[in-house]
Amino acid sequence: MTPHLPLNLYRKIHEHVPIPCVDIILKTADGGFLMLLRQTEPAKGQWWLVGGRVHKNETREQAARRKVKEEIGIEIGSLQAVKGSYETIFPEDPFGHGKGTHTINSCFVAELTEKDLSKIRLDKHHAKFKIFHQAEKDWHPYLKEVLNDAGIAGQ
């Protein structure tokens with residue numbers, strides 16, 4: 001895996017190129033799923049899945065495992081890919097370049113145990129977590145689509 005890009009280089013790439021990302025639907029035993037309240041753009045102030053960009057020479061599965069560890073501090077077991085690919089385009093960006101954020105997304109599903117839930121430690125980009133049992137009406141269309149495709153949450 002390649003180390004992190006220097007921030008100024010990533011900022012320039014982000015300004016001009018779609019970013020490959022992974023998102024992870026973390027299911028609970030009672031049929032719920034974990035969402036994080038974002039503190040940074042894009043999607044600041046919104047409930048979102050665990051996820052983020054894929055690094056050079058990192059598989060999507062490796063990226064998914066890394067993002068779960070970075071964002072909530074736990075290691076996950078098996079991962080199942082959600083069939084298809086997705087895309088998000090936000091007018092906001094985390095750098096202030098004014099050109100928005102464009103991502104190409106792959107999604108995975110993993111299971112959380114009660115023990116995992118007690119170990120969650122959020123990173124600086126997220127304010128809190130919550131278990132939901134269905135998508136909320138005001139959520140981003142991508143979230144509703146991927147949850148539906150994964151057979152996780154009815155509308």
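In this predicted model, the side chains of Asp123 and His126 meet in a polar contact of 2.6 Å. Asp123 sits in the loop that runs between helix H3 (114–119) and strand S8 (126–132). A further polar link from the Asp123 side chain goes to the backbone nitrogen of His125, at 3.1 Å. Although Asp123 is buried, it has no salt bridge; Lys67, the nearest side chain of opposite charge, is 5.7 Å away. Apart from neighbours within four places in sequence, Asp123 is in contact with Glu70 and Glu71.

Helix H2 (residues 60–72) offers another acidic residue to look at, Glu61. Here the setting is partly exposed, with a relative accessible area of 38%. Once neighbours within four places in sequence are set aside, Glu61 is in contact with Leu79 and Phe108. Glu61 and Phe108 are 47 residues apart in sequence, while their C-alpha atoms are 8.1 Å apart in space.

Turning to the interior, nonpolar side chains tend to be buried together in soluble globular proteins. The largest nonpolar core in this model has 21 residues, and Ile25, Phe33, Met35 and Trp139 have the most contacts inside it. Two or more residues each come from strands S2 (33–38), S3 (47–48), S6 (86–90) and S7 (101–111) and from helix H4 (141–149). Of these elements, H4 gives the most, with four residues. Met35 illustrates the packing well: beyond four places in sequence, its contacts include Trp47, Trp48, Leu49, Phe129, Phe132, Trp139 and Leu143, as well as Lys128 and Lys130. A second core, separate from this one, has 19 residues, among them Val50, Val54, Ile74 and Leu112.

Conventions:
Residues numbered from 1 in each chain as written. Predicted model: local features only at pLDDT ≥ 70, side-chain atom pairs only at ≥ 80, totals over all residues. Heavy atoms only, no water. Core = buried A, V, L, I, M, F, W, Y, C linked by side-chain atoms within 4.5 Å. Buried < 20%, exposed > 50% of the residue type's maximum accessible area, 1.4 Å probe, protein only. Contact = heavy atoms within 4.5 Å. Lys, Arg positive; Asp, Glu negative; His and termini not counted. Salt bridge = Lys/Arg side-chain N within 4 Å of Asp/Glu carboxyl O. Polar contact = N/O pair within 3.5 Å; in protein donor to acceptor, adjacent residues only side chain to side chain.
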